[in-house]
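Biologist: I am new to this structure. Please take me closely through one helix, then show me what else is worth a look.

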Amino acid sequence: VIYCPTICRMSSFTTARSQHLLSSSCIRQYAAKAYQQCRRTLSTGGSMAITEHWRTTGTKENSMVSGFKKRDVSVIGAPFAAGQPLGGVDLGPTALRQAGLIDRVRSLGHIVQDLGDVEIVNLPEDQDCMVGNVKNPRQVGRTCQNLASITYEERNKGNAVITLGGDHSVALGSISGILRARPDTCVLWLDAHADINIPEESPSGNAHGMPVAFMMGLAHAKSIPGFEWTTQCLSPARIAYVGLRDLDTSEKRIIREAGIAAYTMFEIDKYGIGKVIEMALNQINPYNQRSIHLSFDIDCVDPSIAGATGTKVMGGLTYREAHFVAESMANTGMLASMDLVEVNPKLESKKAAEFTTELGVELIESAFGKRIL
């Protein structure tokens, strides 16, 4: 009797048996069925995750590059700051581009297209007053709607998508569009904060602390101007948090009641970043068949390393831990989209701002296949 995990993972009808032992007498039978099923999926252009996975693997058109799969990559800037009160975070996309992001991702072998910036909705304060304890709701909601249209279109083409923030409220747009195109996508959320406040319980009213709540349908979006377009698109079973260390009381309750996989800095200290990422992926993508979206808030990294960000919290990820997360996403072969948000070049000295920006570019490189060796 031998263990045959590859055959089990290849065939969706054997998923429930994927941890079983298969006798040698039935291996050929399962292998034949799996082979025929995969051929049918590929020949009919089916939407199974295995099609997405095989489409980007080592063929002549999509060869392995630096440990990752060569891809068409669409880069979208979201220079948006109205989801929080500090100026400068809207300069993040420009700073990341000026640090060479496009050419550096392209040097990994990807075909990169910079689509420029999403259309930002800017309104004077008297035309965008707080509604339902959400500040600047029309600007946040409509800008995210514009972004969702772009990420949907690009992901629907099969392209990988990189969104450059801007504050983390833009993830409502980027992820909503991606989930519309690929509903089976799972989300790994790297952040010091959970960003799952429902508006009425938010201490600040800042929308960058609410995107997950809107995507999970926890907020009364239809009553908030600008958010009418949002839908419940993200299941609690499809998101995992890593790096949490600053949570509001209501967020703790929501995470526990929803059963969301959440790994704080305590778990990282206890188990190590490698084990934590393994556990997180096992929760949201146990068979490595779903596309992965990495939403990376730079404040997940310790402010002694990444200081040019607006909501600093001590005790974050080290430089290498941050890179390990990104490298691990590349190693799965299933990373399909990414946010890099909350880089604010105006909040620190020029040197510190440049270092934070450089780290942001490096993390995107690592996530898209740059390897040490």
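**A helix and its surroundings**

Modeller: Start with helix α7 in this predicted model. Its buried residues are A171, L172, G173, S174, I175, S176, G177, I178, L179 and A181. That is ten of the eleven residues in the run 171-181, so the rest of the structure largely encloses α7.

What does the covering include? Helices and strands both take part. Among the helices are α6 (137-156) and α8 (211-215). The strands include β5 (160-165), β6 (186-190), β9 (292-297) and β10 (335-341).

Now turn to another pair of helices. Helix α12 spans residues 319-332, and helix α13 spans residues 350-367. Their axes come within 7 Å and cross at roughly 30°. An angle under 35 degrees counts as roughly parallel, so α12 is roughly parallel to α13. On the α12 side, Y319, A322, H323, A326, E327 and A330 make the contact. On the α13 side, L359, E362, L363, S366 and A367 meet them. By type, the contact residues are seven nonpolar, two polar and two charged.

Last comes the open space. The largest pocket has a volume of about 280 Å³. Its lining is made of 20 residues. Nearest the pocket centre lie H193, S204, H208, G209 and D248. The lining divides into nine polar, seven charged and four nonpolar residues.

Notes. Residues numbered from 1 in each chain as written. Predicted model: local features only at pLDDT ≥ 70, side-chain atom pairs only at ≥ 80, totals over all residues. Heavy atoms only, no water. Buried < 20%, exposed > 50% of the residue type's maximum accessible area, 1.4 Å probe, protein only. Helix = DSSP H or I, 4+ residues; strand = E, 2+ residues; numbered from the N terminus. Contact = heavy atoms within 4.5 Å. Axes fitted to C-alpha atoms, helices over the stretch in contact; angles between N-to-C directions. Parallel < 35°, antiparallel > 145°, perpendicular 65-115°, else oblique. Nonpolar A, V, L, I, M, F, W, Y, C, P; charged D, E, K, R; others polar. 1 Å grid on protein atoms, 1.4 Å probe; cavity = no way out; pocket = protein on both sides within 12 Å on 5 of 7 lines; lining within 4 Å. Points joined across faces, edges and corners; volume = space filled by probe spheres on them.
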